[in-house]
Structure formats: C-alpha cells, structure tokens
Amino acid sequence: MKRSQQLAGLCAPLIGLGGIFTAIFIHRSWWSLTDNAISDLGKVNLPYNWVMNVPLVVVAVLGIYYALGLFKEAKHPTMKLGIWIFILGLMFLAGIGIFPEGTSLHYYVSWGFFITASFGMLVAGVGLYLGGEKQLGIITAIIFVFGWILGLWAMKVFRGVAFSEFIGIFGIITWHYMVFAKILKEEKKV
C-alpha cells in the first residue's frame, strides 16, 4: 500500500468526525443526539450545511483511495469482495453529502451507506478470518453483530436516529483502525 493511501486511511475518519462535530457545535441550540439525525446537520437550506456535507464527500474520496490500497493487503478473495462492497458504501457516503436531507435521494443513500459499509466490513472480516487473521475476523463479526443490535435498539428507544447512526459510524471506524494498525504492524516486520 502506498504511503499516500495510508495517509488517506489515517485522516479520512478524522475529517468526517471533525465535520460532524463542528456542525453539531454550530447547531447546538437546536440539535440533539436523541431527537435528531446526523443528516439534519446538512439538510437543504440550513445555514452552514456545507460544514458537514463537504467533509463527507472528502472522506468518501479518501476512503475509496485507501480501500483500493487494501486490495494489495488482502490474502483471501472474500476480503477483496468485502472491500468492493465497502467501497460501494463509501460511494453512498459521498451521496449523503451530495444529496443532503431534503432531496429525494437522501433517504436511499443514507441507508445505502450504513447497510453496504457494515456488510462490506463483515464480508472483509470473513476474508480476514479465512486468510489467517482469525482474531481480527472474529472481532469484525462481533463489531458487526453488536453494532446492529445496539443500533436497532437505539432506533426504538430514541425519537431521532443520531444515536443509532453514531453506533454504526464508531463501529466502522473502530474496525477500520484495527485493520489499519494490522497493516502498519505487518509493514514494520518487512
């Protein structure tokens, strides 16, 4: 994997979270973790909606560039399939920024991101397991299962979906950095 792809992988989640948390700060007078969706921070005609929407598109581009470098690290074809599905999820993430809340496609790209990114993570995790990274494969499955259980629970408990969305986002980011750390660790061995 190229250094520039590693840098993209390191920075992408930080840029995305930075945009989201900056948007939360800007709109703190009305936005609530339990009553809103994260997408409310980027909705059409909202002042400063670009603070969240632009970083989502940047994250998607950086994430796809990083994920393309993962193909060189994949030891099993199932991991490659998972990476392709995850890339599709990142395309949906860009769609969230391009088609913000208030546009006809927003609902579909939002669900598309959470479903395909988490499913891509799971398939890649199976590939990790089959490729000899058994511990990381098992942890991936645990993150996937608990993320969806907790996310669906949060959707029933809270009026808004932001809490549920953050569960999914932090699950994906945790998995991403675990895979990223594995890649860096293997590179030091060489």
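This report walks through two histidines, a nonpolar core, the salt bridges and a surface patch.

The model is predicted.

**His-176 and its surroundings**

Start in helix H6, which covers residues 162-189 and contains His-176. Is His-176 buried or exposed? It is buried, because its relative accessible area is 10% and the cut-off for buried is under 20%. A polar atom of the His-176 side chain lies 2.6 Å from the backbone oxygen of Gly-9. Leaving out residues up to four places away in sequence, His-176 touches Gly-9, Pro-13 and Tyr-66.

Now follow Tyr-66. Among the residues that Tyr-66 touches are Met-1, Gln-5, Ala-8 and Gly-9. Its contacts also include His-176, Val-179, Phe-180 and Ile-183. Here too, residues up to four places away in sequence are not counted.

**The nonpolar core**

Tyr-66 also has a place in the largest nonpolar core, which has 48 residues. Which members touch the most other members? They are Ile-38, Tyr-66, Ile-83, Leu-93, Trp-175 and Val-179. Six helices each give two or more residues to this core: H1 (3-26), H2 (50-73), H3 (77-98), H4 (106-130), H5 (134-157) and H6. In soluble globular proteins, nonpolar side chains tend to be buried together.

**Salt bridges**

How many salt bridges does the structure hold? There are 5. Three of them are listed here.

| Salt bridge | N to O distance |
|---|---|
| Arg-3 and Glu-187 | 2.6 Å |
| Glu-186 and Lys-75 | 3.3 Å |
| Lys-182 and Glu-186 | 3.3 Å |

Take the pair of Arg-3 and Glu-187. It links distant parts of the chain, with Arg-3 in helix H1 and Glu-187 in helix H6, 184 residues apart. Arg-3 is exposed, with a relative accessible area of 60%. Glu-187 is partly exposed, at 30%.

Next comes the salt bridge between Glu-186 and Lys-75. This pair also links distant parts of the chain. Glu-186 is in helix H6, and Lys-75 is in the loop between H2 and H3. They are 111 residues apart.

The salt bridge between Lys-182 and Glu-186 lies within one helix. The two residues are 4 places apart in helix H6, so about one helical turn separates them. Both are buried. Shared partners join Lys-75, Glu-133, Lys-182 and Glu-186 into one network of salt bridges.

**A nonpolar patch on the surface**

Some nonpolar residues form a surface patch of about 1000 Å². Its members include Val-126, Tyr-129, Leu-130, Ile-138, Phe-146 and Trp-153. H4 and H5 are the elements that give two or more residues to the patch. Which element gives the most? That is H5, with 8 residues. Leu-130, one of the patch residues, lies in helix H4. Leu-130 is partly exposed, with a relative accessible area of 48%.

**His-106**

Helix H4 also holds His-106. His-106 counts as buried because its relative accessibility is 9%, against a cut-off of under 20%. Its side chain has a polar atom 2.9 Å from the backbone oxygen of Phe-99. Apart from neighbours within four places in sequence, His-106 is in contact with Ser-39, Ile-96, Phe-99, Pro-100 and Glu-101. Ile-96 is 10 residues from His-106 along the chain, and their C-alpha atoms are separated by 6.1 Å.

Note on methods: Residues are numbered from 1 along each chain as its sequence is written. This is a predicted model: local features need pLDDT of at least 70, side-chain atom pairs count only at pLDDT 80 or more; totals for chains, interfaces and linings use all residues. Side-chain values use heavy atoms; hydrogens and water are left out. Buried means under 20% relative accessible area, exposed over 50%, partly exposed in between (1.4 Å probe, protein chains only). A polar contact is a pair of N or O atoms within 3.5 Å; within protein, one must be able to donate a hydrogen and the other to accept it, and residues adjacent in sequence count only if both atoms are side-chain atoms. Contact means heavy atoms within 4.5 Å. A nonpolar core is a set of buried Ala, Val, Leu, Ile, Met, Phe, Trp, Tyr and Cys residues joined through side-chain atoms within 4.5 Å. A salt bridge is a side-chain nitrogen of Lys or Arg within 4 Å of a carboxyl oxygen of Asp or Glu. Patches are made of residues with over 30% relative accessible area and no salt bridge: like charges are joined within 9 Å, nonpolar side chains (Val, Leu, Ile, Met, Phe, Trp, Tyr) within 5 Å. Accessible areas come from the Shrake-Rupley method with a 1.4 Å probe; for residues, only the protein chains shown count as cover.
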